[in-house]
Amino acid sequence: MPEKATAGPGRPKDLAKRAAILEAAERMFLQQGYEGVSMDQIAAEAGVSKLTVYSHFGDKDTLFTEAAARYCEQQMPDSVFEPSPSTPLRQRLLEVAEAFFTMVSSPEAVAGHRLLCTPQMVEKRLPQRFWKGGPERVQSAFATLLRRRIETGDLDIDEALVPTAAAQFFVLLKGDLHQRMVFDCDEAGNCAAQRRAHLDASVDMFLRAYGRR
């Protein structure tokens with residue numbers, strides 16, 4: 001019998017194994033920190049060989065940033081940013097706000113935020129690499145939504161200011177409430193009424209600045 005062909009440079013990699021590696025990496029980095037996890041341990045947790053891990057990701061830095069980006073993509077897929085012109089603008093912005101705050105306030109995201117702020121992460125410039133696949137992607141997708149709503153007459157934003165407006169929206173949504181969660185203060189974010197009031201106020205402030213008068 002002929003030997004089974006192995007994956008060569010031109011062959012697609014096993015997507016199931018890639019997903020298993022990312023899931024294992026995400027879980028272990030959050031539980032044990034970046035320095036506390038080796039590629040060998042991630043391979044064992046994912047049920048693959050270390051060679052397979054390196055074949056997909058090259059090094060631990062790349063694996064970490066891709067695992068973080070994957071989490072963001074799962075929590076905030078492109079479908080979240082559909083312009084949906086038939087939906088009232090305030091309602092549409094609140095839907096985006098809910099999805100975003102749910103993502104950043106989850107225990108996994110708060111732990112990841114703390115991890116990215118450690119000296120080891122900063123020294124390796126991993127927060128900068130994460131920014132490209134996480135916050136920058138989210139802001140860019142939201143800017144596209146804003147442009148569509150400008151075209152329909154719902155918003156009044158100069159084209160040059162659209163990226164700034166998109167960034168401001170997510171800064172408003174995080175606000176004091178997210179900072180308190182990161183610092184583990186006062187059970188912040190656990191009160192549904194407080195969270196709703198915060199998101200409502202943030203969206204209303206954004207609309208006062210950029211809504212069509």
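The dialogue below works through burial, contacts and cysteine pairing in a predicted model.

User: In which helix is Thr-65 found, and does it count as buried or exposed?

Analyst: Burial is judged from relative accessible area, with buried meaning under 20%. Thr-65 is found in helix α4, which covers residues 60-75. Thr-65 counts as buried because its relative accessibility is 8%.

User: Which residues does Thr-65 touch, beyond those up to four places away in sequence?

Analyst: A contact requires heavy atoms within 4.5 Å. With residues up to four places away in sequence set aside, Thr-65 touches Leu-126, Arg-129 and Phe-130.

User: How should Leu-89 be read, and what does Leu-89 touch?

Analyst: The same approach applies. Leu-89 lies in helix α5, residues 89-104, and is buried, with a relative accessible area of 11%. Not counting residues up to four places away in sequence, Leu-89 touches Arg-149, Asp-154, Leu-155 and Leu-207. Separation can also be read in two ways: Leu-89 and Phe-170 are 81 residues apart in sequence, and their C-alpha atoms are 16 Å apart in space.

User: How many disulfides does the structure hold?

Analyst: A disulfide is assigned when two cysteine sulfur atoms lie within 2.5 Å. The structure holds zero disulfides. For Cys-117, the closest cysteine sulfur is that of Cys-72, at 14 Å, which is too far for a bond. Cys-191 is likewise in no disulfide, the nearest cysteine sulfur being that of Cys-185, 16 Å away.

User: Where do Cys-117 and Cys-191 fall on the scale of accessibility?

Analyst: Cys-117 counts as exposed because its relative accessibility is 53%. Cys-191, at 40% relative accessibility, counts as partly exposed.

How values were computed:
Residues numbered from 1 in each chain as written. Predicted model: local features only at pLDDT ≥ 70, side-chain atom pairs only at ≥ 80, totals over all residues. Heavy atoms only, no water. Helix = DSSP H or I, 4+ residues; strand = E, 2+ residues; numbered from the N terminus. Buried < 20%, exposed > 50% of the residue type's maximum accessible area, 1.4 Å probe, protein only.
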